[in-house]
Amino acid sequence: MAATVAIVGRPNVGKSTLFNRILQERKAIVDKTDGVTRDRVYANVEWSGKHFALIDTGGIMIHPKGQIEDNVRKQALIAIEEADLILFLLDGPTGITHIDHEIAQILKRSDKKILPVVNKIDDVKHESMIWEFHNLGLGEPLMVSALLGRATGDVLDEVIKRL
Ligand code: GDP
Ligand code: MG
């Protein structure tokens, strides 16, 4: 069975943008016909000859009327159950928020591999924003701009290295 990679993070960090960007990567081979649920939150991706299932957890609808933070926690728990590797997405310009800390605690309690990735690093001058994310205690964060496709390939290289 192919490994599963889940993109986890609080709302608006860019999970869906990254998911769609990865699906558009030139070198990524994406099977759009299977592994897809009603909400199209799953995709089967091949990168450098390795296959994995990618999940955009924001597309998993749980109690749509529930509180956002409650929803985020539940999505993190589902992702922990399903995923071999969790891509913990963070928002560089916003910095670390209390919800990020909460998600980090949940992820740390799991035995899953965690890759912290700081999004919205659109320009070289934003790169210093990633330093504060070392404070999450999850290791060296990667940087990406899902919107511009900046360093998306580096993230995929690291993902398959860790699978
Ligand atoms: P999600 O709630 O985590 O799925 O976040 P979305 O993918 O819906 O993105 C939330 C907002 O952030 C949207 O307005 C995106 O255009 C914006 N966004 C996502 N990625 C980037 C990025 O790399 N740079 C910038 N500047 N904005 C981004
Ligand atoms: Mg989303």
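Student: How many of the 7 residues of strand β6 (residues 113–119) are buried?

Tutor: This is a predicted model: local features need a pLDDT (the predictor's confidence in each residue, from 0 to 100) of at least 70, side-chain atom pairs count only at pLDDT 80 or more, and totals for chains, interfaces and linings use all residues. Residues are numbered from 1 along each chain as its sequence is written, while chains are lettered from A and ligands numbered from 1 in the order in which they are written. A residue is buried if 20 or more other C-beta atoms, placed from the backbone, lie within 10 Å of its own, exposed if 12 or fewer do, and partly exposed in between. Strand β6 is mostly covered, and its count of buried residues is 5.

Student: In which sense, parallel or antiparallel, do strands β5 and β6 pair?

Tutor: Two strands pair if DSSP finds at least two bridges between them. Strand β5 (residues 85–91) shares 7 bridges with β6; at one of them, L85 has K113 as its partner. The sense of this pairing is parallel.

Student: Which helix does the chain pass through between β5 and β6, in a right-handed crossover?

Tutor: A crossover is right-handed if, with the strands pointing away from the viewer, the path from the first strand over the helix to the second runs clockwise. The β-α-β crossover from β5 to β6 meets this description, and its helix, at residues 98–109, is α3.

Student: Which residue of β7 is the bridge partner of V118?

Tutor: Strand β7 (residues 142–143) runs parallel to β6, and 2 bridges join them. The partner of V118 in β7 is M143.

Student: How many strands does the protein chain have?

Tutor: Helices (H or I, at least four residues) and strands (E, at least two) are DSSP runs, numbered from the N terminus. The order of elements from that end is β-α-β-β-β-α-β-α-β-β-α. Beside 4 helices, the number of strands is 7.

Student: Which helix gives the most residues to the shell around ligand 1?

Tutor: A residue is near a molecule if its C-beta atom, placed from the backbone, lies within 6 Å of it. The ligand is surrounded by 15 residues, the closest being G14, K15, S16, T17 and L147. Buried residues in helix α1 include K15 and T17. With 3 residues in the shell, the leading contributor is the helix at residues 15–24, α1.

Student: Why is A3 partly exposed rather than buried, and how many other C-beta atoms lie within 10 Å?

Tutor: A3 is found in strand β1. Two residues are in contact if their C-beta atoms, placed from the backbone, lie within 7 Å; not counting residues up to four places away in sequence, A3 touches F52, D84, L85 and L163. A3 is partly exposed because the number of other C-beta atoms within 10 Å is 16.

Student: Is K74 buried or partly exposed?

Tutor: K74 lies in helix α2 (residues 68–82). Its C-alpha atom is 9.8 Å from that of T57, 17 residues apart along the chain. Because K74 has 15 other C-beta atoms within 10 Å, it is partly exposed.

Student: Over which residues is the pLDDT below 50?

Tutor: The average pLDDT of the protein chain is 88, and 87% of the residues score at least 70. One stretch, with 11 contacts in the model beyond near neighbours in sequence, has a pLDDT below 50. Where pLDDT is low, the predicted coordinates should not be read in detail. The stretch concerned is residues 33–40.
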